[in-house]
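Reader: I have a structure to look at and would like help with one part of it. Could you take me through that part closely?

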There are 2 protein chains.
Amino acid sequence: MIEIERKFLVNTLEFIDQSHKSNKITQGYLNSHPERTVRIRLKDEQAFITIKGKSNESGTSRLEWEKQIDYTEANQLINLCEDYVISKTRYLVTSGEHTFEVDVFHGDNEGLILAEIELTSEDEQFSKPSWLGQEVTGDLRYYNSYIANNPYKNW
Amino acid sequence: MIEIERKFLVNTLEFIDQSHKSNKITQGYLNSHPERTVRIRLKDEQAFITIKGKSNESGTSRLEWEKQIDYTEANQLINLCEDYVISKTRYLVTSGEHTFEVDVFHGDNEGLILAEIELTSEDEQFSKPSWLGQEVTGDLRYYNSYIANNPYKNW
């Protein structure tokens, strides 16, 4: 129930090809407060509700609770969400023993690409592929909950 | 998924006796905004997450979505909630073909008693027992989400 992850900017998409599994994600926030984020996510044909707590000081780890919910009901709940709904394509990119989730944002956030890696401990090592850009772990601006209220096109 | 209900103040507890089924309820809010309320409730040994949307103009009906969740996880989620956690005892009181939920608040809300009746349509008739006080349907102050941030002792 504690999620440990690190987040990076990505400046190219040249490393993505048809061999990478991808998911279409649409998500909104019933609360974008970073200490009690409540997210409704549609991921291809599935839907989830996810609650996240406050991050630790380094921004690496955070309480996360998630449940799959009915897709039609999730669509109704998305209508209750705050201002902006985020649309992105998530590519799964293997690197050594790890898998990066590379989120390519669409619509009001076109141009933003973020890569996340989930770790089993805060000091776990991993190889950094050449396409990985600046680390932004713990930077609240790159929380999807922040982006949902402050789309990238307005930055 | 649309909940239709009316709410009343209650000024006495003399009509309650041991024949009435009761539940102990503890609940907090991950969002108390009346257009996207997210509630975590412990009810005796069970736990639920409930999301409510904006009320209609009369305050009678409102989108409501609820799922049972793991009790231990719910306790962790309650720790993420906004300021106050509400504690109350709910008595189920039959009146004709309907059942009133009579909520007797404790702690910071001691002295507040509210009765709710769920209806199948906005104009459904029901008999009003003698102990039923002033109607407060649609009055935001009597939303539990409001009370959670403004406890009755401060009114």
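What follows is a look at one loop residue and then at the contact between the chains.

Reader: Please take a close look at Ser32(A). Where is Ser32(A) found, and is Ser32(A) buried or exposed? Then, how do chain A and chain B meet?

Author: Keep in mind that this is a predicted model. Start with the loop between β2 (22-31) and β3 (36-43) of chain A, where Ser32(A) is found. Ser32(A) has 23 C-beta neighbours inside 10 Å. The cut-off for buried is 20 or more, so Ser32(A) counts as buried.

Now its contacts. Setting aside residues up to four places away in sequence, Ser32(A) touches Thr37(A), Glu82(A), Ser145(A), Ala148(A) and Asn149(A). Take Asn149(A): along the chain, Asn149(A) and Ser32(A) are 117 residues apart. Their C-alpha atoms are separated by 8.0 Å.

Next, the contact between chains. Chain A gives 17 residues and chain B gives 17 residues. On the chain A side, β2, β3, β4 (46-55), β5 (61-69) and α1 (71-78) each supply at least two residues. The largest share, four residues, comes from β5(A). By type, that side of chain A has ten nonpolar, three polar and four charged residues.

Last, the symmetry. Chain A superposes on chain B after a rotation of 180° with 0.0 Å of shift along the axis, with an RMSD of 0.0 Å. That is the relation of a two-fold axis. Of the residues of chain A, Asn31(A) comes closest to the rotation axis, with its C-alpha at 3.1 Å. Of the interface residues of chain A, 100% are also interface residues in chain B, so the copies meet through the same surface.

Terms used. Residues are numbered from 1 along each chain as its sequence is written. Chains are lettered from A and ligands numbered from 1 in the order in which they are written. This is a predicted model: local features need pLDDT of at least 70, side-chain atom pairs count only at pLDDT 80 or more; totals for chains, interfaces and linings use all residues. A residue is buried if 20 or more other C-beta atoms lie within 10 Å of its own, exposed if 12 or fewer, and partly exposed in between; C-beta atoms are placed from the backbone. Two residues are in contact if their C-beta atoms, placed from the backbone, lie within 7 Å. Ala, Val, Leu, Ile, Met, Phe, Trp, Tyr, Cys and Pro count as nonpolar, Asp, Glu, Lys and Arg as charged, and the others, Gly among them, as polar. Copies are superposed by least squares on the C-alpha atoms of residues with pLDDT of at least 70 in both.
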